[in-house]
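I opened my notebook today to look up a few things, with the model in view. Here are my entries, in the order I made them.

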Amino acid sequence: MAVVRSVSDLRRIVDVWRNQGARIALVPTMGAVHEGHLSLVSLARAHADRTITSIFVNPSQFAPGEDFEKYPRDEASDVQKLAAAGCDLLFAPAVAEMYRPGAATTITVGDVAELLDGLARPGHFSGVATIVAKLLIQASPDLAVFGEKDFQQLQVIRRLVCDLDLPVEILGAPTMREPDGLAMSSRNVYLNQAQREVAGRLNVILTTAARSLRDGDEVSDVERRAQEALFRAGFEGIDYLSVRDAGTLAELRDARRPARIFAAVRIGAVRLIDNIEV
Ligand code: AMP
């Protein structure tokens with residue numbers, strides 16, 4: 001697996017592949033690679049001839065006081081895992097390569113980016129949209145793969161690609177979980193043993209809530225019971241626990257529409273997000 005750090009080196013390799021007629025996939029990540037990321041690489045490989053993974057811890061999607069500085073970084077181990085998974089190229093630019101002096105252009109997605117994490121993390125999706133647009137323009141892949149773990153992000157990117165006519169297909173990939181249901185995440189390393197045990201309850205509580213909705217319980221009752229269960233389980237804060245329309249992520253008005261439950265919860269200084277189809 002080749003490793004490149006500049007946009008020009010990335011483009012040189014992509015041009016060669018294009019001239020060979022290869023179909024190219026991009027998997028954007030922030031590194032600290034785990035099985036969830038590798039499942040995206042594997043999905044990408046199933047749909048393309050060449051797979052690029054990017055690793056970039058994007059400062060503009062972290063708010064002041066969030067974990068940008070201490071976000072886990074281990075490129076040597078990431079390179080090994082990605083190469084073993086059959087990734088063809090790693091694009092791992094420095095911040096100065098992605099944000100040139102004087103950089104002044106940002107992309108703001110409205111609508112689906114203004115709810116849930118858009119409210120809880122002001123500016124976050126603008127940072128995501130800007131960096132993903134740049135990566136898509138730089139790598140010009142035929143397809144890009146994103147995880148349903150970050151379902152709202154996936155919908156924001158679909159909106160972005162549609163609105164800007166970016167010629168790329170977006171694939172969503174299912175969430176990879178630990179045996180107790182905890183969604184795999186680079187941030188799980190922040191959890192101590194006691195917190196790790198609590199964290200496993202999140203998916204169990206969401207699964208119970210989804211079952212209650214399928215059984216016909218009222219949305220507001222299900223949300224309230226799930227919130228109570230989260231506090232009983234040991235979570236210390238809830239940014240949101242909400243049943244939403246699976247397409248628009250708006251509050252669910254019509255119980256016959258496909259629904260999804262979204263949660264962002266806190267234990268100590270750790271923030272976990274998860275979501276589940278109803
Ligand atoms: P991150 O490095 O956390 O920014 O994630 C990079 C990509 O991997 C995003 O598209 C995420 O949605 C996806 N991803 C993260 N965790 C998982 C997981 N547990 N299962 C599937 N995809 C994931």
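How many salt bridges does the structure hold? I noted first that this is a predicted model. My lookup of charged pairs returned 20 salt bridges for the structure.

**Entry: one salt bridge**

I picked out Asp9, which forms a salt bridge with Arg12. The closest N and O atoms of Asp9 and Arg12 are 2.7 Å apart. I then asked where the two sit along the chain, and found them 3 residues apart in helix α1 (residues 7-19), so about one helical turn separates Asp9 from Arg12. As a reminder to myself, side chains of opposite charge can pair when their charged atoms come close.

**Entry: around the ligand**

Next I turned to the ligand and listed its surroundings, which came to 17 residues. His37, Gly147, Asp150, Met176 and Met184 are the closest of them. I sorted this shell by class and got 8 nonpolar, 7 polar and 2 charged residues.

Then I looked up polar contacts. An N or O atom in the side chain of Asp150 lies 2.6 Å from an oxygen atom of the ligand. For Met30, a backbone N or O atom is 2.9 Å from a ligand oxygen atom. Met176 also uses its backbone: a polar atom there is 2.8 Å from a nitrogen atom of the ligand.

How much of the ligand does the protein bury? I found that the ligand taken alone exposes 490 Å², of which the protein buries 93%.

I also checked which elements give two or more residues to the shell, and these are β2 (24-29), α2 (35-47) and β5 (143-147). The largest share, 3 residues, comes from α2.

**Entry: the second largest pocket**

My last lookup was the second largest pocket, with a volume of about 280 Å³. It is lined by 15 residues, and Tyr99, Thr105, Thr106, Thr130 and Lys134 are the closest to its centre. Which helix gives the most to this lining? I found helix α6 (residues 124-139), with 6 residues. By class, the lining divides into 7 nonpolar, 6 polar and 2 charged residues.

Terms used:
Residues numbered from 1 in each chain as written. Predicted model: local features only at pLDDT ≥ 70, side-chain atom pairs only at ≥ 80, totals over all residues. Heavy atoms only, no water. Near = heavy atom within 4 Å. Polar contact = N/O pair within 3.5 Å; in protein donor to acceptor, adjacent residues only side chain to side chain. Areas by Shrake-Rupley, 256 points an atom, 1.4 Å probe, with all protein chains shown as cover. Helix = DSSP H or I, 4+ residues; strand = E, 2+ residues; numbered from the N terminus. Nonpolar A, V, L, I, M, F, W, Y, C, P; charged D, E, K, R; others polar. 1 Å grid on protein atoms, 1.4 Å probe; cavity = no way out; pocket = protein on both sides within 12 Å on 5 of 7 lines; lining within 4 Å. Points joined across faces, edges and corners; volume = space filled by probe spheres on them. Salt bridge = Lys/Arg side-chain N within 4 Å of Asp/Glu carboxyl O.
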